[in-house]
Amino acid sequence: MKTLHFRRMLREVLRTAKNLPTIPEILAIMQKALQDENVSTDSIANLISNDPSIASNILRLANSAYYSSSGTQISTVADAVIRIGLKDIGRLVSVMAAIQSFNVAGQRKDHNLFWKHSICVANASKYLSTRLPHVFGVKEDEAYLTGLLHDIGMLVIDQFFPEISKEIWNEASSGQVLLEEIEMAKLKMDHGEVGGKFLDKWKLPERIVTAVSRHHQSGTVSGRDRGLVLCIYISNQVCNRNGFHGWSGKISTDIPAEIMEELGLESDTIEGMIAHIQKAAEQSEVVISLANGASSPARG
């Protein structure tokens, strides 16, 4: 399949494809509900209970070794929300909903590795947004969701353009050229921009769409969107550098000194990120196994 007119083909797929993943209803509802500072545990539990698959997985997660150190079993979603905590529950629901939305994606990627990387970047982004709020100007849930979805364009290419995906991945597997550089050469856009156009169909906020689109092109973004773009970019680089990457080809890990200086980033902040990422990686294995239908997740 020729890649000369990929942008036009992508536009047509996003407009007409009948099997295009749609935004999980629970993701949108939960994001809105958790913005209410007075939201109750019972109301969140009721929202989760409206999606039997997510509810079952949240209950199983709460009873997994990761959360249930005492071994005491619980049987209600409300108790699961209490055990996991309101701060984490929305993020975990987002992860499970996103994974399930792409459960029919193509074959070029190791999806467990992909989602582990995505979850690690999401947690690293949340860490940066809370540690340096004055620098990035980003809300932690916004940072988390953007990090979670930053590479979603890879899955779009994989699912809807399998021949193009095969060609790109075969070349990238040599480890000589960065994946995004191969994409730009062949498609005139990278997976970030593909993902941004897909998420625009989900009607996610413009800042999230821009950050996903430009996370490999941070130098092209200025103004109010730059903080979120850099938050995702740095989180992605740190995850890659520390072995939490989404695939085994050539990987970008460096953070230019001028960006570190621009943001006033110190080594202790990066070290804190790494510890946060390591914990997220452990949790991610449990969450991914549940979202993929494993019956008895164990703590990694």
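In this predicted model, Lys126 makes contact with Arg91, Glu140, Ala143, Tyr144 and His276, leaving aside residues up to four places away in sequence. Lys126 itself belongs to helix H7, which runs over residues 111-131. The surroundings of this lysine invite a second look: Lys126 is buried, yet no salt bridge is formed. Glu140 carries the nearest side chain of opposite charge, at 4.9 Å, and a salt bridge would call for a nitrogen-oxygen pair within 4 Å.

Three of the partners just named, Glu140, Ala143 and Tyr144, lead to helix H9, which covers residues 140-149. Helix H9 is mostly covered, with eight of its ten residues buried. Ala143 and Tyr144 are among these buried residues, together with Glu142, Leu145, Thr146, Gly147, Leu148 and Leu149.

Zooming out to the whole chain, the secondary structure consists of 17 helices and zero strands. The radius of gyration is 19 Å, which agrees with the value near 19 Å that a compact globule of 300 residues would have. Along the principal axes, the C-alpha trace spans about 55 × 45 × 35 Å. Of the 300 residues, 55% are buried. Contacts also reach far along the sequence: among those between residues at least 6 apart, 69% join residues at least 24 apart.

As for the surface, the accessible area of the chain comes to about 13,700 Å², and carbon and sulfur atoms account for 47% of that area. The chain holds 31 positive and 34 negative charges, and the mean positions of the two sets lie 5 Å apart.

Key
Residues numbered from 1 in each chain as written. Predicted model: local features only at pLDDT ≥ 70, side-chain atom pairs only at ≥ 80, totals over all residues. Heavy atoms only, no water. Helix = DSSP H or I, 4+ residues; strand = E, 2+ residues; numbered from the N terminus. Buried < 20%, exposed > 50% of the residue type's maximum accessible area, 1.4 Å probe, protein only. Lys, Arg positive; Asp, Glu negative; His and termini not counted. Contact = heavy atoms within 4.5 Å. Rg over C-alpha atoms; globule rule 2.2 N^0.38 Å. Areas by Shrake-Rupley, 256 points an atom, 1.4 Å probe, with all protein chains shown as cover. Charge placed at Lys NZ, Arg CZ, Asp CG, Glu CD.
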